[in-house]
Each structure stands twice: as C-alpha cells, then as structure tokens.
Amino acid sequence: MTHAAPPTPAAAAQPPQAPQEPFTHTEHGVPRPDPFHWMREAGDPRVLAHLRAERAFFDWSCAHLDSLVSALKAEMHSRLAPTEISPTWRRTRFSYYTFHPAGSQYTQLLREIRMSDGVPATDPEAHLGSDDGNRSVVLDHNLLAEGSDYLDVGVSSVSPDEDWLAYSVDLSGEEVFELRFRDLRTGADLDEVVPRTYYSGAWSADSAWFFYTVHDEAYRPFQVWRHRLGTPVAEDVLVHEEPDERFELQVRATRSGDLVVLWSASNTTAECWTVDAHDLDRGPWSVGGRRAGVKYHAEHRRGYGGPGDLLVVTDDDAVELRLMTAPVPDGADQDHTSWREARPEDPADRLERVDAFDRGVVLSLRSGGDHVLRMLPHDDLAGPGHDVRSRFPGGEAYLFTTPLYDAPAVGVVDEAYTEPAVWSEVSWATGETVDVHRQEAPGHDPSAYVTERRSFPSADGTLVPATIVRHHDTPLDGTAAALVYGYGSYEAVFEPEWDPALPSFLDRGAVFCFAHLRGGGEMGRAWYLDGKLAHKQHTFDDQIAVADGLARDGLVDPDRIASRGLSAGGLLQGAVFSQRPDRWRAVVAEVPFVDVVTTMFDETTPLTITEWEEWGDPRVREQFDWMLAYSPYENLPPAGSRPDLLVTGAVHDPRVMVREPAKWVAALRASDPQWSSRCLFRCETGAGAHVGPSGRFGHLDYEADVYAWLIDRLGLPHTVAR
C-alpha cells in the first residue's frame, strides 16, 4: 500500500467520524438534509484533514494485506515485458513507434527514417540510442514526468512536414494541459507556451499553424484557437466559440490532410464545421447546421481534380445511425438538405464512425455486442464489404494508427481480457490479414483461461448479456467467488483490453463477469437510450439481474459475489449497494458519482450543464423526482444489512468532485456505526486523476490494492496454488 502521512497511530485505527452541521437544500418544496455540505471545498483545511484521516484508516485497515499486495504487484509486473516496443505507423518521411525502456513508468515516442518496408530495428535495446542518424527520440514521457507523481499527455501531434511536434502535459490529474511546440530537427522546444488547453488539436497543411481547444472553469471545451509557430501566444487567433453550455467543442485534422474539422456536441445534438487546411481563411463553415436532437460528425474523402466530399455519420431519422454524403462547404454554411444517403440504417448494426482512405472506407460498427470493422470500396458504400472481427472469444478488433490516406493496408489491433494485443494489417487489394506484431506478456498463458458470453433476464424480462472470464480449472458449478463489473452510461463501451492484473484474480479461483448494461453502448444506441434519463433504473436492475442470474443458475457461489465500477459505474455501485445490500459480499465504488441531485443543481460544478441530457435537469420536477429516487446519498441502505465497501476518490479529480465520495462515506458511517469499520475510503490526497494513478507500474500498483481487498473479502486464497 502507498501510505498517507499521518494522523496518529491511535487515530488511524478508528474509522473517521465526520462532524455533522445543519444544512438543508429545498427544491420543489422538498427538503433534503445535507449535514456534510461543509465538505464542498476540497482545499478547505478541515476537508483535507478529514480526507487524510480516511486514507490513514484505509492504510491501517489493510496493513494485514501488505504481503498479498506485494505478491500481486510482483505477479502483475511480471506480465509486462521488461522493455516493450510497439509496431510502427508510417508517415511520408519517417516511421514512428513507442518504446518502454526497462524499469520506466512511461513510454518514449521514437521515429526513424522510413525505409521501404517501414519496419524499425528488431533489437529493443537498439532503440535506447538516439544518435545513429536514422533514429531519434521525439518525446520521452519519463523526462516530462520528472519531479511529479503523475503524468498525462493530452496532445501529441507531429506536423504534416514532420518537422514539429505539438504536445501537452498535465502533471496533477486536473486535466489542465500546458501546450508546447518542439522542433524535431533540433529537439528544442519553442519559447511560446499555451498554459491552459484540453485534449484535441490539428495542424494546418503547411505546418505553420496549430489548432487547439480551451476549456472554461467548468471544464467545458468551448473555444478553438490557432497558434502560429514562432509568434507570441497573445497573438493567437480565436477560430470558433461555442456559447451553449450544454455543448463541448473539439477539433481534428482529416486523414486526407485537406480539412480541419471542428465539432460541437451535446448529449443529443451536434454540429460540424470545416476549415480549409491549405487556406485557413476559408472556414469554419457548417456541414449541416444544428437541429435539436440530431447528432452527426464528418470525415473527408478526397476528390481528384476537385474538393472531394464528406462522409457523414448521423442519427437523423436513424436510431442506430446511417451514412450520408455531403459536399464540402464552399464559401458559406450549408444545411442538411445537401446530404444524400449512402448507406441506410441497419437496426442490427450500430454505426459508430467512418474512416476514409484512398482505396475505400472503413466503418466501425457494433453488431450483436461485438466490435466490427467493415471495409468498403468507394463505389459501393451500401454493399456488404469485408468484415474484420476479433479472433478471440469476447475480444475486440479496432483500428490502429494509420495516418496515411494512401496506405495500402489498414492497421488493426485485436485483443481480449486475457489475450495480449496482436497488431495486423488488412490489405485493401486482397482482404488478407498479416500479423505484424504481438504484445509480450512473459509467463502468461492465454490458453489457461476461458471466455464466454451468457445472458440473464432483468426485472422487465430484457436479456442482459455478460462476458464471463475464468481460469479453465475454475468450474461454473456454484462454488467460485465472482466479481461483476459494470458501467452502463453515456453509450460508453469498456472494450475488453488485455489486462495484466486480471489473471492474478482469476488464478485464485475467482470468476470475472463484465455486465453489458442498458445505458452502455455494447448492444447499440437503442440499448443506451433504454438506460438513461427516466429509464436509468434499468441500468441498476441489469447489474443486479446479472449477479442474481449467476447465483440462480448455479454458476457461482451466491454468498461470494462482489460488484465494481468507476465514475458513473461508481453511481451504479452506490445504487445497487442501497437497493440490494443482501446481494453482495463486497462492493468497490471507484470515484463514485453519488450526490446526484446536489451536483446536477450546481451549475458551478465542472460538467454539470453538459450532463443534464444524460441524467436529467433537476429544475424540472419530474426529472428531479427520478434522480432523487436513486441518488445514493439520499437513499442509504438499512443499518445492519450492508456488505463491505471500498470507495476511492481523488482531490484533483475534475470529473467527480472528491466531496461526493467523502460525503457518502461520512453519511454511511454515521447511519450505521456498528458497520462503519467495514467501509474504507482510499483517497488520493496528492497528485492523481479520475482513473487513479498514472504510469505503467503505478496503475498496476493501484489495481493490486483493490484486488487484495477483494481477494480478502471474498475469502480467496492469498497464494496461487497452481
């Protein structure tokens, strides 16, 4: 465990009891007592002292697990190759790849002069050098992180002429990125620095200008600016500003290199604009206007002898989305009447995005719960095309970085929970797949694990799919402990990526189950719509239904089921903790969004207004009522019936304010003092982000803490017998 600095040993041995101070919210004539409202400001010395006391109690309570945590860290780290190199992605002059030096937390971005096959040297140690004339380090993330406990790189974008790098860095976890520019011919950074930027960016075609986004104090990206290299930041040009506080603004370059696309989206509505990357005064011009309830985004398809056209993915009169073509705006905004349907909606396939190449287009789809890539020729966008699917049970295949518009093949990554990634290239000419790289996982045997999908009926009869992963020696006969992971919001999909931490849990005889809940995007957009706003209870019902089904069907031990989720998935944990405390042996609620009504009323809280279309606007009585009915802070479970609970939070988290888990834990402790010591709050009081510590080893060390607690609570062996 990473120990916090101290309250005294005697104080650390007692669960913190936060003082209660009278405070009541009243909305729509409904009083809501909030005795822990004083925790609102994380920088308040009283609040920080309380959070440190919570962390000290967590450390003290888990001290008996230190040897297990050490063993888990060793196991998890052992599945990482000492040095790790990625496959290359090819650009015009250079081939690029990433490299993890031995013992490093972070990666390096390297490049070498492009040879005919674009393949770098095969000896990983050779990549430690940067002075052989062909190879150079573009960006060393380890150097960026020196002196800091946290690092996130928001933008890392090489210019079209490959002489410049735009990169941005956050060293606290607050998602405020400092943007810099590096001359790749000398390795020196320019003097100009943009102090506050967000995630997206794009270069002009001549590599002289860089477009970037700026977020406001509510962490809403609302402006796109452009900076000319070699000039003061004070002279940067405002390209576009989004005044509607429900919308977030982003910017990117098209693969063709001919356009810069700006797009602004709320939860239900979107608008796109284009700027000519060769003549920045031409634009931004709207692609299809803005219509309430209609979302779309656009990709450029080059035309030879002309401007080409746009491929538009939209939900306009298509729940699962359809593909349209549109002209490139020329001199003025245009509306949607210029669009023409290229591929109609298929209710069985949720169209996610389109990527254009010289030889065809690639559609990214969700079909039957799987992620599918469909390669289509330009002259048959409505045709069957060539599908690329995962080779692994329960796996995912998705596009790998392929920056060249005229690439002869499409880069694909394929992986699963227990299957390290395989990179391949799929030929446009033949459809043949050729593997080009495999991720190393020393000592790991993927064949030792089994992945399958089952479905379980929810409260309204809807069948909820779940992916079940286990060691092949662990039977589904009602004897094994299980962990059910869920999220179920924003139409988000947690793709089944290779996880070097998971085998340590499975090797101890446990079953891992990922529940594909309504509100998530695994089963398409209609599936998502049936788990948001007034239908949010379906998400909670589905998580409970999967756990009940595992027990009812005799697959796992009904008395040893745990539940886990993060952020909106943390809200899910709070809801199922309250609604069915008898179902769980233990619950892990990571950075949980649990003070729903108060947060949704507070327009000064980051992201609140942009979230109204996901959760509801509590100023409307009906929507207030449905949120109040499930908000965990207002719906504590009865005393005496609660499972063990592990909660996490971070002082610098800009997405779920640390006050939410802190207040919830305090309310739970106060309402059931006898149970209080079984509730732990692992709070990051220093640098740390929404998703926990950063770094190759830092994140695994966090997972070791969580899994050690789960292993102990579920009665699993601390050592691996196999």
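A residue counts as buried when its relative accessible area is under 20%. In the predicted model, Asp140 has a relative accessibility of 15% and is therefore classed as buried. Asp140 belongs to strand E7, which covers residues 135–140. Beyond residues up to four places away in sequence, Asp140 touches Thr107 and Gln108. With Gln108 there is a polar contact between the two side chains, at 3.0 Å. A polar atom of the Asp140 side chain also lies 2.9 Å from the backbone nitrogen of Asn142. His100 is 40 residues from Asp140 along the chain, and the C-alpha atoms of the two are separated by 9.6 Å.

Thr648 was examined in the same way. This residue is found in strand E39, residues 644–650. Its relative accessibility is 4%, so Thr648 also falls under the 20% limit and counts as buried. The side chain of Thr648 reaches the backbone nitrogen of Val591 at 3.0 Å. Val591 is also one of the residues that Thr648 touches when residues up to four places away in sequence are not counted. The others are Ala589, Glu590, Pro592, Pro661, Phe681, Arg682 and Tyr702.

Leu645 is among the residues with the most contacts inside the largest nonpolar core, together with Val546 and Leu550. That core has 68 residues. A second core, separate from it, has 42 residues, including Val469, Leu502, Val706 and Leu716. Outside the residues up to four places away in sequence, the contacts of Leu645 include Phe577, Val587, Ala589, Trp664 and Leu668. Leu645 further touches Trp675, Arg678, Cys679, Leu680 and Trp709. Ala589 is listed among the contacts of Leu645 and among those of Thr648.

At the level of the whole protein, there are 13 helices and 40 strands. Of the 722 residues, 60% count as buried. The radius of gyration is 26 Å, which agrees with the value near 27 Å that a compact globule of 722 residues would have. The C-alpha trace spans about 75 × 60 × 55 Å along its principal axes. Among contacts between residues at least 6 apart in sequence, 58% join residues at least 24 apart. The protein exposes about 26,800 Å², of which carbon and sulfur atoms supply 51%.

Terms used. Residues are numbered from 1 along each chain as its sequence is written. This is a predicted model: local features need pLDDT of at least 70, side-chain atom pairs count only at pLDDT 80 or more; totals for chains, interfaces and linings use all residues. Side-chain values use heavy atoms; hydrogens and water are left out. Helices (H or I, at least four residues) and strands (E, at least two) are DSSP runs, numbered from the N terminus. Buried means under 20% relative accessible area, exposed over 50%, partly exposed in between (1.4 Å probe, protein chains only). A polar contact is a pair of N or O atoms within 3.5 Å; within protein, one must be able to donate a hydrogen and the other to accept it, and residues adjacent in sequence count only if both atoms are side-chain atoms. Contact means heavy atoms within 4.5 Å. A nonpolar core is a set of buried Ala, Val, Leu, Ile, Met, Phe, Trp, Tyr and Cys residues joined through side-chain atoms within 4.5 Å. The radius of gyration is taken over C-alpha atoms; the globule rule is 2.2 Å times the number of residues to the power 0.38. Accessible areas come from the Shrake-Rupley method with a 1.4 Å probe; for residues, only the protein chains shown count as cover.
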